[in-house]
Amino acid sequence: MKKITIEELRKYQIQILDEVAAFCKKHSIQYFLMGGTLLGAVRHQGYIPWDDDIDIAMLREDYERFIELYSKEKGQYYLYSNRVNKDSIFPFVKVCLKDTLIREELLNKEEKYGINIDVFPVDSISSADERKVVNKISLLIRLRNFKAVSLLAYWKKRDKSLPIRALLKWGLSFVSYRSIFEKMDQIIREENSKPARFKGNITWGYGLKELTSPNVFDEFIEVSFEGKKYQSPKGYDEWLTCVFGDYMQLPPEEKRIPNHSVEAFVL
């Protein structure tokens with residue numbers, strides 16, 4: 001097993017992104033860059049210099065079609081998600097490369113999956129009280145996080161919350177990830193069944209900041225990312241402004257750190 005550099009990791013991630021983009025084009029599935037990857041494309045025409053992952057998204061209908069069709073593919077890539085792997089800790093899909101491994105410091109060590117990109121669903125909020133809907137989902141995500149995060153990381157930091165986290169983790173050991181995610185799906189299905197007031201990645205995103213007008217995702221354009229062209233919502237400015245504010249302004253240097261602490265390996 002060989003540990004690889006962040007530069008090598010990014011090359012593998014671009015390889016996976018190209019695979020997904022080609023698959024989506026073949027099957028008329030609309031994907032688009034999202035999260036820090038969209039911000040990187042607009043501000044840096046590539047990765048945010050301190051970022052170490054790739055995020056894309058699809059509207060819910062395309063997301064479901066993508067899972068259905070791609071799960072049948074036989075090749076060097078595979079889907080990793082609680083939808084596909086019942087013990088997985090992720091409520092969204094990762095497209096992973098075989099014969100590779102990612103280790104995240106905060107996660108339980110038994111969670112094993114390859115170098116990947118994240119694929120998120122974009123859903124509707126139809127209820128009059130969007131805050132109530134997002135807060136319900138955020139609570140479920142927090143329960144998932146208490147269950148998924150390794151206590152060792154907090155022990156190493158001598159975190160004072162360790163006893164409480166240990167107690168919560170013990171209580172949640174009797175609750176499956178799938179049952180948590182099924183509660184999330186139930187809320188989301190109800191919201192998607194009615195005309196949308198807002199749309200956003202409410203499964204895993206930035207909470208209420210995610211919610212933008214539905215027409216942000218009506219049309220799509222190409223943007224540059226690492227010297228290649230990929231899909232982006234035409235209304236990206238509204239989404240980026242909602243989430244990041246003045247998104248063309250670089251954050252203070254002390255905040256220019258990765259969101260994840262990962263190690264990547266080729267087997």
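The following paragraphs lead through the strands and helices of this structure and the contacts among them.

The structure is a predicted model, in which local features need pLDDT of at least 70 and side-chain atom pairs count only at pLDDT 80 or more, while totals for chains, interfaces and linings use all residues. Residues are numbered from 1 along each chain as its sequence is written, and side-chain values use heavy atoms, with hydrogens and water left out. Helices (H or I, at least four residues) and strands (E, at least two) are DSSP runs, numbered from the N terminus.

A suitable place to begin is strand β7, which spans residues 116–125. The strand is mostly covered, since ten of its ten residues are buried; buried means under 20% relative accessible area, exposed means over 50%, and partly exposed lies in between, as computed with a 1.4 Å probe on protein chains only. Asn116, Asp118, Phe120, Val122 and Ser124 point one way from β7, whereas Ile117, Val119, Pro121, Asp123 and Ile125 point the other way. The residues of both groups are buried.

Which strands pair with β7? Two strands pair if DSSP finds at least two bridges between them. Strand β3 (residues 55–59) pairs with β7 in the parallel sense over five bridges, and within this pairing Ile56 stands opposite Val119. Strand β5 (residues 93–97) pairs with β7 in the antiparallel sense over four bridges; here Lys94 has Asp118 as its bridge partner. Strand β8 (residues 198–200) is joined to β7 by three bridges, and these two strands run antiparallel. Ile125 of β7 has Phe198 in β8 as its bridge partner.

A further group of strands may be considered next. Three strands form an open sheet in the order β1-β11-β6, with antiparallel pairing. Strands β1 (2–4) and β6 (100–104) stand at the edges and have a single partner strand each, so one side of each is left without a neighbour in the sheet. Neighbouring strands of this sheet are turned by 35° against each other on average, direction ignored; angles run from 0 to 180 degrees between N-to-C directions, and axes are lines fitted to C-alpha atoms, for helices over the stretch in contact.

Within this sheet, five bridges join β6 to β11 (residues 262–266). Leu101 stands opposite Phe265 in β11. Helix α1 (residues 6–26) packs on the sheet and touches β1, β6 and β11, and its direction makes about 85° with that of β1. Another bridge partner pair links Arg103 with Glu263 of β11. On the other edge, β1 and β11 pair over three bridges in the antiparallel sense, and Ile4 has Ala264 in β11 as its bridge partner.

A hairpin is formed by strands β9 and β10, with two residues between the strands. Strand β9 (residues 220–225) and strand β10 (residues 228–233) pair in the antiparallel sense over six bridges, and Phe220 has Pro233 in β10 as its bridge partner. In this hairpin, Glu226 takes a positive phi near 55°.

The helices α4 and α7 remain to be described. Two packed helices are described by the angle between their axes and the distance between the axes. Helix α4 (residues 130–148) and helix α7 (residues 177–192) pack at an angle of about 165°, with their axes 10 Å apart. The two helices are therefore roughly antiparallel to each other; angles under 35 degrees count as roughly parallel, over 145 as roughly antiparallel, 65 to 115 as roughly perpendicular and the rest as oblique. The residues of this contact (heavy atoms within 4.5 Å) include Leu143 and Arg144 of α4 and Ile180 and Phe181 of α7. They divide into twelve nonpolar, no polar and five charged; Ala, Val, Leu, Ile, Met, Phe, Trp, Tyr, Cys and Pro count as nonpolar, Asp, Glu, Lys and Arg as charged, and the others, Gly among them, as polar.

Is Phe181 buried or exposed? Phe181, in helix α7, is buried, with a relative accessible area of 5%. Leaving aside its neighbours within four places in sequence, Phe181 is in contact with Asn82, Ser88, Ile89, Phe90, Pro91 and Arg144. Phe181 and Phe90 lie 91 residues apart in sequence and 8.7 Å apart in space, C-alpha to C-alpha. Leu143, in helix α4, is partly exposed, with a relative accessible area of 29%. Apart from its neighbours within four places in sequence, Leu143 is in contact with Leu172 and Ile180.
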